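The following dialogue between a student and a tutor works through one protein chain. Please consult the sequence and the model as each question is raised.

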Amino acid sequence: MRYLFGIAIFVLLLVAFEGRQALRYEGRLGAATLFGLIGITGFNLFVWVGLGFTRPEHASIILALQTPLTALGVWVARGQRPAGFTLGCVLAAFAGVVLVVSKGDPRRALEGGELLGDLLIFSGALAWMTYTLAGAWKFPGWSPLRMTVLTCIPGAVGLLIAHAIAIAVHAAKLPSFEAIAGVWWQIAYFSIGTVVLGVLGFNAAARRLGPLNTMLMLNFIPIGVFGIEAALGRSFAAIEIAGAAVVIGALVANNLYLRGSSTRR
C-alpha cells in the first residue's frame, strides 16, 4: 500500500518536472523491471519478512554491511579491486556483525529462529546493493527521479504479486477497510517518508556522491536503532555494543581512507 500511494506521488512529480514523455522506458523496460524487482520487491520482502524472525538491532547492523558489500560489488562488476585497507575494513565489519548476532557464541545465532531472519536481512542487503549499483551505472541519461519512478513501478507490481500469493496460501490476509483506516497516518508516513523522500533521496545521493559514499550514510541506521531501543528500556550485552562499534568504526575508517586517497590523486 505504501508503494501504491508513493508511486502515485512519484508519477505526478515526474510529469510535473519532466513531462509525460519521461514515463516512457525507451528500450530499458527489461533492465528497469529486473532491477526494480531486485531492489524494491526483493529488498522489501527479505527485510520485512526477516524482521519477523530477528530483532531490529540485528537487522540494522546487517544492513550496515551494504557499504563493504558495495566495495566488493564494484570489484566484481568493474574489476576495480579494493585497496588492502578497504578489504581489512570489510573483514572487520563482518566480524563485528558476527559478534552482534551471536553475542560471541556462534551457537546463539541458531536459537529462537534468529539465524533465518538474519540471513533474510542479509539477502535484502545484497538486493539493495545491487539496485544501488544499477542505478549509478545502468541508466545514464535518466534523472534520479525518472530512474526511481520507472523502477519502483515494476517493483510495486512484484510486491502486489507476492502479497497475492501469500493470501492464496493463507500466509497473509487482506486487511479490512477499518484496519487500514486505523493506521492511515502510519501509511502516509511510510508512503511519503520512506518511499518518496527516502528512495528518491538515496538514488539522487548515489548519483552525486557515488554508491560507496552514499552507503556510508546508512551507518546512521544502527546508531539510531540502538538509541531508540535503549530509550525503550532494552539493555544490550557489552559484546553486542562492541560488535556494533567495530562495524561502524570499520566503515567510517574505510570512508575516510577513500576520501584521503581521492584527495592525494
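**The nonpolar core and its surroundings**

Student: In this predicted model, with which residues is Cys152 in contact, leaving aside its neighbours within four places in sequence?

Tutor: Neighbours within four places in sequence are set aside here, and contact requires heavy atoms within 4.5 Å. On that basis, the partners of Cys152 are Tyr3, Ile7, Phe10, Ile40 and Val199.

Student: Which residues touch the most other members of the largest nonpolar core?

Tutor: This core has 52 residues. Cys152 is one of those that touch the most other members, and its contacts include Tyr3, Phe10 and Ile40, which are also among them. The full set is Tyr3, Phe10, Ile40, Ile61, Trp128, Tyr131 and Cys152.

Student: Which helix gives the largest share of this core?

Tutor: The largest share amounts to 8 residues. They come from the helix that spans residues 114-137, namely α6.

Student: What pattern does the chain follow along the sequence?

Tutor: The chain has 12 helices and 0 strands. Read along the sequence, the pattern is therefore made of helices, written α-α-α-α-α-α-α-α-α-α-α-α.

Student: What is the radius of gyration of the chain, and why is the chain described as being as compact as a globular protein of that length?

Tutor: For 265 residues the globule rule gives 18 Å. The chain comes close to that value, so it is as compact as a globular protein of that length. Along the principal axes, its C-alpha atoms fill a box of roughly 50 × 50 × 30 Å. The radius of gyration is 19 Å.

Student: Among contacts between residues at least 6 apart in sequence, what percentage joins residues at least 24 apart?

Tutor: One such contact links Cys152 to Tyr3. Among contacts in the chain between residues at least 6 apart, the share that joins residues at least 24 apart is 85%.

Student: What percentage of the exposed area do carbon and sulfur atoms supply?

Tutor: Of the 265 residues, 42% count as buried. The chain exposes about 13,600 Å². The share of this area supplied by carbon and sulfur atoms is 71%.

Student: How many Å apart are the mean positions of the positive and negative charges?

Tutor: The chain has 19 positive and 10 negative charges. A mean position is taken for each of the two groups, and these are apart by 14 Å.

Student: Is Gly50 buried or exposed?

Tutor: Gly50 is found in helix α2, which covers residues 29-50. Leaving aside neighbours within four places in sequence, Gly50 is in contact with Leu45, Gly117, Leu120 and Ile121. Its C-alpha atom is separated by 9.5 Å from that of Leu115, 65 residues apart along the chain. Since the limit for buried is under 20% relative accessible area, Gly50, at 0%, counts as buried.

Student: What is the relative accessible area of Gly36?

Tutor: Gly36 also lies in helix α2, and its contacts beyond four places in sequence are Thr41, Thr151 and Gly155. The C-alpha atoms of Gly36 and Thr148 are separated by 8.8 Å, although these residues are 112 apart along the chain. Gly36 is buried, with a relative accessible area of 0%.

Student: Where does Glu26 lie, and is Glu26 buried or exposed?

Tutor: Glu26 has a positive phi of about 50° although it is not a glycine. Glu26 lies in the loop between α1 (2-18) and α2. At 55% relative accessibility, this residue passes the limit of over 50%, so Glu26 counts as exposed.

Student: Which loop holds His170?

Tutor: His170 is not a glycine, yet its phi is positive, at about 65°. With 73% relative accessibility, His170 counts as exposed. The loop that holds His170 is the one between α7 (144-168) and α8 (177-182).

Student: With which residues is Ala253 in contact, leaving aside its neighbours within four places in sequence?

Tutor: Ala253 is found in helix α12, residues 238-264, and counts as partly exposed at 26% relative accessibility. Its C-alpha atom is separated by 8.8 Å from that of Thr86, 167 residues apart along the chain. The contacts of Ala253 are Phe85 and Cys89.

How values were computed: Residues are numbered from 1 along each chain as its sequence is written. This is a predicted model: local features need pLDDT of at least 70, side-chain atom pairs count only at pLDDT 80 or more; totals for chains, interfaces and linings use all residues. Side-chain values use heavy atoms; hydrogens and water are left out. Helices (H or I, at least four residues) and strands (E, at least two) are DSSP runs, numbered from the N terminus. The radius of gyration is taken over C-alpha atoms; the globule rule is 2.2 Å times the number of residues to the power 0.38. Buried means under 20% relative accessible area, exposed over 50%, partly exposed in between (1.4 Å probe, protein chains only). Accessible areas come from the Shrake-Rupley method with a 1.4 Å probe; for residues, only the protein chains shown count as cover. Lys and Arg count as positive and Asp and Glu as negative; His and the chain ends are not counted. The place of a charge is taken as NZ of Lys, CZ of Arg, CG of Asp or CD of Glu. A nonpolar core is a set of buried Ala, Val, Leu, Ile, Met, Phe, Trp, Tyr and Cys residues joined through side-chain atoms within 4.5 Å.
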